[in-house]
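Please open the model in your viewer and keep a selection tool at hand. The tour goes from a pocket to the strands around it, and then along a sheet.

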Amino acid sequence: MKLKPLADRVIIRPTAAEEVTAAGIIIPDSAKEKPLRGTVVAVGEGTKDETMVLHEGDQVLYGKYAGSELDLDGEKVLIMRQNEVMAIIEK
């Protein structure tokens with residue numbers, strides 16, 4: 001299935017949560033935090049009041065409760081408005 005977000009919405013693939021800490025401690029599923037960063041998969045065209053500044057492939061940071069989770073071909077993705085994205089991670 002292919003989705004094209006409307007207006008100022010974006011689809012983001014969350015980055016997987018870390019399984020092991022830097023010290024080598026394995027984190028159980030119950031203690032993992034919801035990831036707060038991800039990759040933009042698709043973007044809408046923007047609105048007349050707000051131009052789209054995000055592009056496919058951008059690495060972004062978003063809020064803990066931002067967006068709505070949906071299942072896209074067996075993969076969990078988030079759909080949210082552009083203004084829910086807090087920052088673009090530059091390489």
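**The pocket and its sheet**

Begin with the second largest pocket of this predicted model, which has a volume of about 180 Å³. Its lining consists of 13 residues, and if you select Lys2, Leu3, Ile11, Val41 and Ala42 you will have the ones closest to the centre of the pocket. Colouring the whole lining by residue class should give you eight nonpolar and five charged residues, with no polar residue among them.

Next, select strand E1 (9-14), strand E2 (37-43) and strand E5 (residues 75-81), since each of these strands supplies at least two residues of the lining of the second largest pocket. Which strand gives the largest share of that lining? Strand E2 does, with three residues.

Now widen the selection to the open sheet of six strands, whose order is E4-E5-E1-E2-E3-E6 and whose pairing is antiparallel. At the edges you will find strand E4 (68-72) and strand E6 (85-89), each of which pairs on one side only. If you look along the sheet, neighbouring strands are turned against each other by 45° on average, with direction ignored.

Finish at the edge strand E4 and display it together with strand E5, to which E4 is joined by five bridges, the two strands running antiparallel. For a single residue pair to centre on, pick Ser68, whose bridge partner in E5 is Ile79. Strand E5 thus links the two parts of the tour, as a strand that supplies at least two residues of the pocket lining and as the antiparallel partner of E4.

Key. Residues numbered from 1 in each chain as written. Predicted model: local features only at pLDDT ≥ 70, side-chain atom pairs only at ≥ 80, totals over all residues. Heavy atoms only, no water. Pairing = 2+ DSSP bridges. Helix = DSSP H or I, 4+ residues; strand = E, 2+ residues; numbered from the N terminus. Axes fitted to C-alpha atoms, helices over the stretch in contact; angles between N-to-C directions. 1 Å grid on protein atoms, 1.4 Å probe; cavity = no way out; pocket = protein on both sides within 12 Å on 5 of 7 lines; lining within 4 Å. Points joined across faces, edges and corners; volume = space filled by probe spheres on them. Nonpolar A, V, L, I, M, F, W, Y, C, P; charged D, E, K, R; others polar.
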